[in-house]
Amino acid sequence: MRPDDFFKDEAHPFGFGTSRTLDHDLLVSLRRSPTPGGTPDRELVVALARLVHDELEAFGTDGSEQLSEAQIRDALLALQAVAKRLGVGELAIPFRDYATFKSYWLRNDAYGSWQARRNLLNMIFDPIHDQLIEIESASSVSSLAQPVSPRGRTGWARVDEELGEMRRHFELARTPQDYRNVGNDAVTVTEALSREVYDAAKHLRDGEELPAVGKTKQRLERFVDVALVGSDSAATRKLVRASIEVAQEVKHRETPTRRDAGIAADAIILLANLLRRIDQPSGATRE
């Protein structure tokens, strides 16, 4: 499940298409009990935490939030309720809506800095994302590749969330359309990786235009070229490029098979973990 799944399309009252609105009834129901026959709490809570984090960040920076004051309050209440049902307990979120978040950042010297507000939110939500993803990962058994790290995840919250979605979709896939959607998931993971590793200050060369996040191959290859220089790293650079190409291939096939989807998914899991290791300082002792 993804944050967008908490929204629904409603017909315009005067017949002018549809509008996208938060599913208020879903949030209210989640505060009371799990959705009967629906998505398990352990999957809902990961997407709900991401939704809340993203909306608070949008409010605290460029004002592009989609939720109203009442809606963000409902989302935070639902998040706390689902977390409690999972045995996590009260999440350490020191505000209950936009207004109290603003009071919080003012008390913490983040008045004139968008980045300071992002940092405050990351300090609060990064441990929450890690904890919730750990619960979700522990409950699922996948036939796809598993990293050698005993943690079983990259530590990049957005990347781990998308990898979890891809694993679930692969386990449920039965038709060529399902397998093609696994390929779409693989592309979504590469975009999340693109956001994590590409840094214009390090990777953008003189005279170049900043490539969009969707230019994943260009951005990821540049990251690897900068991080791994010299002939000793040639094979690793080649492996990363090949993993990107294999991961993206299945979505273009007319009738992909389960094997095609599995190869693409395994390739993206390999790619994510390769990039995470490359991103570590030389000589680091990450497990």
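# Close-up views of a predicted model

**View 1. The largest pocket holds about 970 Å³ of space.** This model is predicted. In the lining of the pocket there are 28 residues, and R50, D54, R158, R195 and E196 are the closest to its centre. Four elements each give two or more residues to this lining: α2 (41-60), α5 (114-138), α6 (157-172) and α7 (176-197). Which element gives the most to the lining of the largest pocket? Helix α2 does, with six residues. By class, the lining has 16 charged residues, six polar ones and six nonpolar ones.

**View 2. The largest cavity has a volume of about 50 Å³.** The count of cavities of 30 Å³ or more comes to one. The residues that line the largest cavity are M1, R2, P3, V46, A47, E161, E162, E165 and R168. Two elements, α2 and α6, give two or more residues to this lining. Helix α6 gives the most, with four residues. By class, five of the lining residues are charged, four are nonpolar and none is polar.

**View 3. Helices α2 and α6 cross at roughly 145°.** Two packed helices are described by the distance between their axes and the angle between them. Here the axes of α2 and α6 come within 11 Å. Is the crossing of α2 and α6 left-handed or right-handed? The crossing is left-handed. On the α2 side, the contact uses E43, V46, R50 and D54. On the α6 side, A157, R158, E161 and R168 meet them. The contact has six charged residues, two nonpolar ones and no polar ones. Three of the names in this contact, R50, D54 and R158, also appear among the residues closest to the centre of the largest pocket. V46, E161 and R168 of this contact also line the largest cavity.

**View 4. Helix α2 also packs against helix α3 (residues 69-85), with axes that come within 9 Å.** The axes of α2 and α3 cross at roughly 145°. The crossing is left-handed. From α2 come D41, V45, L48, A49, V52, E55 and L56. From α3 come I72, A75, L76, A78, L79, V82, A83 and R85. What classes of residue make up the contact of α2 with α3? Twelve are nonpolar, three are charged and none is polar.

**View 5. Helix α9 (residues 216-227) meets helix α11 (residues 258-278) at roughly 35°.** The axes of α9 and α11 come within 11 Å. Helix α9 passes α11 in a left-handed crossing. Helix α9 brings L220, F223, V224 and A227 to the contact. Helix α11 brings L271, L275 and I278. By class, the contact has seven nonpolar residues, with no polar and no charged ones.

**View 6. The mean pLDDT of the protein is 86.** Of its residues, 89% reach 70 or more. Which element has the highest mean pLDDT, and which has the lowest? Helix α4 (residues 98-107) has the highest, at 96. Strand β1 (residues 7-11) has the lowest, at 79.

Note on methods
Residues numbered from 1 in each chain as written. Predicted model: local features only at pLDDT ≥ 70, side-chain atom pairs only at ≥ 80, totals over all residues. Heavy atoms only, no water. 1 Å grid on protein atoms, 1.4 Å probe; cavity = no way out; pocket = protein on both sides within 12 Å on 5 of 7 lines; lining within 4 Å. Points joined across faces, edges and corners; volume = space filled by probe spheres on them. Nonpolar A, V, L, I, M, F, W, Y, C, P; charged D, E, K, R; others polar. Axes fitted to C-alpha atoms, helices over the stretch in contact; angles between N-to-C directions. Left-handed = near helix turned anticlockwise from the far one by under 90°. Contact = heavy atoms within 4.5 Å. pLDDT = per-residue confidence, 0-100.
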